[in-house]
Amino acid sequence: MAKLHSLTARQAQTLGPGTHADGGNLFLRVRPTGSRAWVFRYKVDGKAREIGLGALDTRSLAEARKVAADMRKAIADGQDPAHVIRPPEEQPKPTFTELAAAHIEAMRPQWRNAKHAWQWGRSLEMYVYPTIGDMTPDAITTDHILRVLSPIWTTKPETAQRVRQRIEAIMARAVTLGYRPRSEGNPALWKNHLDTLLPAPKKVQKVVHHPAIPHHELSALMSQLRGLESVASYCLQFITLTACRSGEARGATWSEFDLAARTWTIPGERMKAGRSHVVPLSPPAIAILEVMRAAGTRHVFASPYKPRQPLTDIGLIHMLHRIRPDISVHGMRSAFRDWCSEKTSFANEVVELSLAHVNRDKTEAAYFRSDLLEKRRELMAAWARYLDEKKSVVVALRSGS
């Protein structure tokens with residue numbers, strides 16, 4: 001590392017092409033053309049950044065050193081060193097999309113898992129970016145926020161509330177960084193602002209969800225799904241056989257499976273409770289995996305249109321609603337739970353562990369540490385037999401399905 005003030009005024013004028021250190025983050029860059037300019041280099045979160053300080057012809061060595069010293073002080077004070085040479089009001093402002101990406105990256109370490117960051121980005125892509133993504137924070141008004149929220153405020157109240165909170169957090173970041181005047185306030189603020197324009201989330205009529213399918217109708221549904229040669233149909237069968245959540249199946253990769261041991265270990269970052277979960281696999285579930293393995297994709301249930309990505313939730317819903325438009329994918333888990341209660345004598349803790357439910361009783365959980373894998377294997381095998389009352393073979397997946 002160069003000592004502080006390594007260059008002389010004479011060297012600054014005569015050194016050949018290259019980047020020459022003066023120390024203290026200051027460098028002189030000499031181009032093959034002979035042009036000479038000052039550069040300030042520093043790191044943010046381990047990534048190298050560079051700020052141009054102007055040409056040697058317009059800023060002397062002494063002046064460049066003064067600016068570099070001010071920039072080092074700004075960094076020590078937790079400020080952006082670019083503000084030393086260019087005031088915040090003259091800085092090019094980021095778009096909302098750019099600011100959102102920076103916010104997600106900055107907050108990622110405090111979030112429980114990668115799924116949370118993905119949910120942030122996905123909700124903004126779907127509902128926010130099309131309206132205000134290309135706008136700078138200082139140009140966004142309350143009217144723009146209403147254009148984003150109004151279409152989903154009553155139809156998707158929970159989603160709309162999360163979207164509003166995320167916009168509010170990003171706009172607060174814009175104010176803190178000087179990209180939006182503090183005097184203009186936060187257009188996504190709820191209290192004493194949007195609450196005067198939109199009904200309270202708790203007052204909005206709840207969305208009526210599709211009911212669960214009665215468990216005694218699942219055998220016929222499974223028989224119909226077996227006759228449809230597509231990734232979505234196999235994924236729906238697998239979800240039903242394992243009683244897992246849609247996202248857990250769609251996001252499954254081959255590294256999570258031990259077919260010799262007939263188990264599927266879902267990592268904690270993909271689980272709702274944040275803990276890894278081992279699923280015993282019944283013979284019909286294994287048969288589906290054997291079919292899907294021939295596709296050669298990283299995800300077990302990969303999108304037929306984008307093989308490097310998992311099957312989408314929409315693709316799964318469309319497949320189910322081709323057969324039963326009155327039920328939801330989550331209804332498969334509900335049907336399994338009802339069947340366990342009504343038709344079996346398996347202990348409640350075996351059923352709850354099969355559904356990956358967290359035991360809220362800490363005392364009971366402390367004494368009950370076994371994952372009851374073999375008992376759960378018996379339960380899932382019984383469930384598979386129940387679903388297979390109308391037998392049908394698993395057929396090979398056609399290319400491109």
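**Entry 1: the N-terminal strands**

I began with strand β1 (residues 18–23), which is joined to β2 by 5 bridges, the two running antiparallel. The model is predicted, and I read it as such. I picked one pair to check the register: Thr19 has Arg29 in β2 as its bridge partner. Then I looked at the turn. The hairpin of β1 and β2 has 2 residues between the strands, and Gly24 takes a positive phi near 65° there.

Next came the other side of β2. β2 and β3 pair over 5 bridges, again in the antiparallel sense. Val30 has Arg36 as its bridge partner in β3. This hairpin has 5 residues between its strands. In its turn I found Gly34 with a positive phi of about 100°.

**Entry 2: the sheet**

I followed the pairing on to β4. β3 and β4 pair over 8 bridges, antiparallel. Trp38 is matched with Gly54 in β4.

I then wrote down the whole arrangement: an open sheet of 4 strands, in the order β1-β2-β3-β4, with antiparallel pairing. β1 and β4 are the edge strands, each pairing on one side only. From one strand to the next, the twist averages 30°. Helix α2 (residues 61–76) packs on this sheet and touches β1, β2, β3 and β4. I noted that the direction of α2 makes about 15° with that of β3.

**Entry 3: burial of β2**

How many residues of strand β2 (residues 26–30) are buried? I counted 5 of the 5, so the strand is largely enclosed by the rest of the structure. I checked the two faces separately. Leu26, Leu28 and Val30 are buried on one side, and Phe27 and Arg29 are buried on the other. Both faces are covered.

**Entry 4: the second largest pocket**

I moved to the second largest pocket, with a volume of about 1100 Å³. Its lining has 27 residues. Those nearest the centre are Val44, Arg49, Asp80, Arg173 and Leu177. The elements giving two or more residues to this lining are β3 (36–44), β4 (47–55), α3 (82–85), α4 (96–107) and α8 (157–176). Which element gives the largest share of the lining? It is α4, with 5 residues. By class, I logged 13 nonpolar, 5 polar and 9 charged residues in this pocket's lining.

I stopped at Arg49, one of the residues nearest the centre of the pocket. Arg49 is found in strand β4. Is Arg49 buried or partly exposed? It is partly exposed, at a relative accessible area of 40%. Leaving out neighbours within four places in sequence, I found Arg49 in contact with Phe40, Arg41, Tyr42 and Val44. Val44 also lies among the residues nearest the pocket centre.

**Entry 5: cavities**

Last, I searched for enclosed space. The structure holds 2 cavities of 30 Å³ or more.

The largest cavity has a volume of about 40 Å³. Its lining includes Thr242, Cys244, Glu248, Met271, His277, Arg333 and Leu355. By class, the lining has 6 nonpolar, 3 polar and 3 charged residues.

The second largest cavity holds about 30 Å³. It is lined by Thr242, His277, Val279, Pro280, Ser354, Arg376 and Met380. β7 (277–280) and α17 (373–387) each supply at least two of these residues. β7 gives the most, with 3. I logged 3 nonpolar, 3 polar and 1 charged for this lining.

Note on methods: Residues numbered from 1 in each chain as written. Predicted model: local features only at pLDDT ≥ 70, side-chain atom pairs only at ≥ 80, totals over all residues. Heavy atoms only, no water. 1 Å grid on protein atoms, 1.4 Å probe; cavity = no way out; pocket = protein on both sides within 12 Å on 5 of 7 lines; lining within 4 Å. Points joined across faces, edges and corners; volume = space filled by probe spheres on them. Nonpolar A, V, L, I, M, F, W, Y, C, P; charged D, E, K, R; others polar. Buried < 20%, exposed > 50% of the residue type's maximum accessible area, 1.4 Å probe, protein only. Pairing = 2+ DSSP bridges. Contact = heavy atoms within 4.5 Å. Axes fitted to C-alpha atoms, helices over the stretch in contact; angles between N-to-C directions.
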